[in-house]
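Dear colleague,

I am handing over the structure below, together with some notes on its aromatic side chains. Please read the notes alongside the coordinates.

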Amino acid sequence: MTIEILPLTSISRSCGTQMRISENAAAIEDYAEAVRSGSVFPPLIVFTDGKHYWLADGFHRFAAFLKCGLDSCRCDVREGTLNDAKRFACEANKEHGLQRTQSDKRNAIKEYLSISGLEKLSNSEIGKRLGVSHHLVCAVRGELKLAPSPKSHVGGGGKAPVGNFQKPAKAKGNTGKNRFTTLYNVSLDSPEQFVSVLRTEFTSQYLDSLLISLQQSLLESP
């Protein structure tokens, strides 16, 4: 980490590192007013490959500096690629800064999944890194029609489902619904009981994988 004074014109903020759908004009005005009154803000976080400077955190502060007519500012400069900057930007603001909207969170997940290698992480791990629920990660992954991560698949690097989920011998006239009912002693006419059994017998990663498969099947069905 190196603190440098950089010209605002040398910092790129239109390179896909802004994870918010839109900037908050009121917040920018508040920050600008604070700057005019002498307040000192934390340095912007910028990534560089030695030639380019990509803004990764501090977009509202940057806009406030421009509004105040400043031509340079303090920056926390870190070595890295554009993808490093995007990854940091996705993970930023989960515990500080302006509250993110649901659209902001979805956008961050989409950008995170677009970075090579990160799509292989489990939904739970991505959710932890971005400060969102793994259910939201699962939903966005399904919307993008991405294959489930190997870590979310049984036999693909993830944990196998827990519980005794052995198929009983197929009896004549015994439907799949009746086999499940007999095995778990639960009525499938009750969605609440059915979901409760699933949560008890399977890991969340397996259920994420199952949900994605169901979503893809629905999207592909005529």
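At 23% relative accessibility, Y31 counts as partly exposed, because the value falls between the 20% limit for buried residues and the 50% limit for exposed ones. Please bear in mind that the model is predicted.

A search of the whole structure finds three aromatic pairs. In one of them, the ring centres of Y31 and F41 lie 5.3 Å apart with the planes at 55 degrees, so the pair is tilted, given that edge-to-face would require an angle over 60 degrees. This contact links distant parts of the chain, since Y31 belongs to helix α1 (residues 25-36), while F41, ten residues apart from it, sits in the loop between α1 and β3 (44-48).

F41 itself is buried, with a relative accessible area of 19%, which places it under the 20% cut-off. The ring of F41 also pairs with that of F65, where the centres are 6.5 Å apart and the planes stand at 75 degrees, so this pair is edge-to-face. Here too distant parts of the chain are linked, as the loop residue F41 and F65 in helix α2 (residues 59-67) are 24 residues apart. F65 has a relative accessibility of 8% and therefore counts as buried.

Taken together, the ring pairs link Y31, F41 and F65 into a cluster.

With best regards

Technical notes. Residues numbered from 1 in each chain as written. Predicted model: local features only at pLDDT ≥ 70, side-chain atom pairs only at ≥ 80, totals over all residues. Heavy atoms only, no water. Phe/Tyr/Trp six-rings, centres within 6.5 Å; stacked < 30°, edge-to-face > 60°. Helix = DSSP H or I, 4+ residues; strand = E, 2+ residues; numbered from the N terminus. Buried < 20%, exposed > 50% of the residue type's maximum accessible area, 1.4 Å probe, protein only.
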